[in-house]
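Reader: I would be grateful for a close look at a single part of this structure, together with what lies around it. Please treat it as one connected account.

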Amino acid sequence: DLTELHTSHQNGTTMRLSFPLALLLLIQITTFCSVAVVSQEAAVGEPTVVTEEKTGAPVDATQESSETVNNAETMADDSDNTEDSASNDDEDGEVISLDDEDDATTEEPVASDDSAAAPVEETADSAATTTATEEKEEAPTKEEEKVEAPPVQTGPFIDIFGEQLLSLEMVDETHAQMVAHYTNEVLSGKKVVGLYFSADWCGPCRQFTPDLVNFYNKMNSRRGKENQFEIVWVSRCRDVNSYGQYFTQMNWLALPPQEAMGQRGQMLSNKYKVKGIPSLVLLDEVGNVITLDGRNKIPADKAGIGFPWRNPVATLYITVVPKSLRLMIKTQIDGVKSQVLGVLKGAAGQKVTA
């Protein structure tokens, strides 16, 4: 009996000791499993929790597992709340999200606009400069167009001299420049127009030109007849330099050098039957010939008492017939002459061909 009692006492003691050990072992196993599971979830879900646990103060295993479980639950709740709020935002107001996107989109280009503001301004400035430059370039072009497109001129003097005549203006004592004028403008109001054929290489021309300058000035200074006499020089010079040098000795108008030394100058010589130089032909205000011998009239009448030396019939005709009617008659006569000359030239050509 004593042996049995002792054995049972030992068994009871063993059982009392084994139960707490078994319970402690079960707790440790459970804690270990919980820590492992929570650590795995924390590693997948939020690395900062693991970092805070590793860097935190050492705690008891049970407290550590409970805090980890609480943190995991809190994180899960936060993620659920975040998902709920995101879903609620998407469900409640797409306009707000679009406005936010628009705001974000607007704010982002603002920086790019600021960064690109200088190039845009430079581009605008360059465009304005280009426009101003083009306008400045267009302004001379329009002026050139005005010069290249003179007003339409008609009349007997246009047929004789062309559309432009030149004058010489002195810049200083040693320099002069040529100025172009419209023919009808500079010959308007002139009662007598002379054609002066001369050249710098001609000795008699160099002698007669100073006398003609004096006579020209005297006739244009007569009382009641101021500036009614004009002369147009038809140069027979051989080059432009000689033309310019000789023109400085005159104070009247001239045909442009390319016209005077070209076909027009030759045509005028033939029309007015110029056989030698110097030669002075005087025309009236409608282009009719007054005299072909002005070169000899001036030395014979230096005072110009009989100027412009019309014959009595011509004087009576000019006195009785108005200028407009005389111009009409001249135009018709010139037209008839042109037709007759055309017929004669055609007949002469046919005879030559035959």
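Author: In this predicted model, strands β3 and β6 pair in the antiparallel sense over 5 bridges. Within that pairing, V193 stands opposite L283 of β6. On its other pairing, β6 meets β7, again in the antiparallel sense, over 2 bridges, and there L282 stands opposite T291 of β7.

Strand β6 is mostly covered, with 5 of its 5 residues buried. S279, V281 and L283 point one way from the strand, while L280 and L282 point the other way, and all are buried. The general rule behind this pattern is that side chains in a regular strand alternate between the two faces of the sheet.

The turn that follows belongs to a hairpin of β6 and β7, with 5 residues between the strands. In this hairpin G287 takes a positive phi near 95°. The loop between β6 (279-283) and β7 (289-291) also holds E285. The side chain of E285 meets that of K191 in a salt bridge, at 3.6 Å from N to O. K191 lies in the loop between α6 and β3, so this contact links distant parts of the chain, 94 residues apart. The two partners differ in their cover: E285 counts as buried because its relative accessibility of 16% is under 20%, whereas K191, at 39%, is partly exposed.

The loop that carries K191 also carries K190, between α6 (183-186) and β3 (192-198). K190 forms a salt bridge with E230, the side chains meeting at 3.9 Å from N to O. E230 belongs to strand β4 (residues 229-235), and the pair again joins distant parts of the chain, 40 residues apart. Here both partners are covered: E230 is buried at 7% relative accessibility, and K190 is buried with a relative accessible area of 13%.

A search of the whole structure finds 3 salt bridges. Besides the pairs of K190 and K191, there is one between R264 and E259, whose side chains meet at 2.9 Å from N to O. R264 counts as partly exposed at 21% relative accessibility, and E259 likewise counts as partly exposed, at 30%.

On the approach to β6, the loop between α10 and β6 includes P278. A cis peptide bond joins I277 and P278, with omega at about 0°. K273 is found in that loop too, and its phi is near 55°, a positive value in a residue other than glycine. Most residues other than glycine have a negative phi, and most peptide bonds are trans. K273 counts as exposed, at 62% relative accessibility, in contrast to the buried residues of β6.

Helix α10 (residues 263-271) contains S269. S269 is buried, with a relative accessible area of 9%. The C-alpha atoms of S269 and L195 are separated by 9.9 Å, although the two residues are 74 apart along the chain.

The unusual backbone features of this loop have counterparts elsewhere. A second cis peptide bond joins F307 and P308, with omega at about 5°, and P308 lies in the loop between α11 (294-300) and α12 (312-320). A positive phi near 55° is also found at N227, which lies in the loop between α7 and β4.

Helix α7 (residues 203-220) has 18 residues and reaches 27 Å from its first C-alpha to its last, close to the 26 Å expected. A kink of about 25° lies at T209, shortly before the proline P210. Buried residues of α7 include F208, T209, L212, V213, F215, Y216 and M219. An α-helix has 3.6 residues a turn, so residues three or four places apart point the same way.

For comparison with the hairpin of β6 and β7, another hairpin joins β1 to β2 through 5 residues. Strand β1 (residues 164-170) and strand β2 (residues 176-182) pair in the antiparallel sense over 7 bridges, and the bridge partner of M170 in β2 is A176.

Notes:
Residues are numbered from 1 along each chain as its sequence is written. This is a predicted model: local features need pLDDT of at least 70, side-chain atom pairs count only at pLDDT 80 or more; totals for chains, interfaces and linings use all residues. Side-chain values use heavy atoms; hydrogens and water are left out. A salt bridge is a side-chain nitrogen of Lys or Arg within 4 Å of a carboxyl oxygen of Asp or Glu. Helices (H or I, at least four residues) and strands (E, at least two) are DSSP runs, numbered from the N terminus. Buried means under 20% relative accessible area, exposed over 50%, partly exposed in between (1.4 Å probe, protein chains only). Two strands pair if DSSP finds at least two bridges between them. The expected span of a helix is 1.5 Å times one less than its number of residues. The bend at a residue is the angle between axes fitted to the seven residues ending there and the seven starting there.
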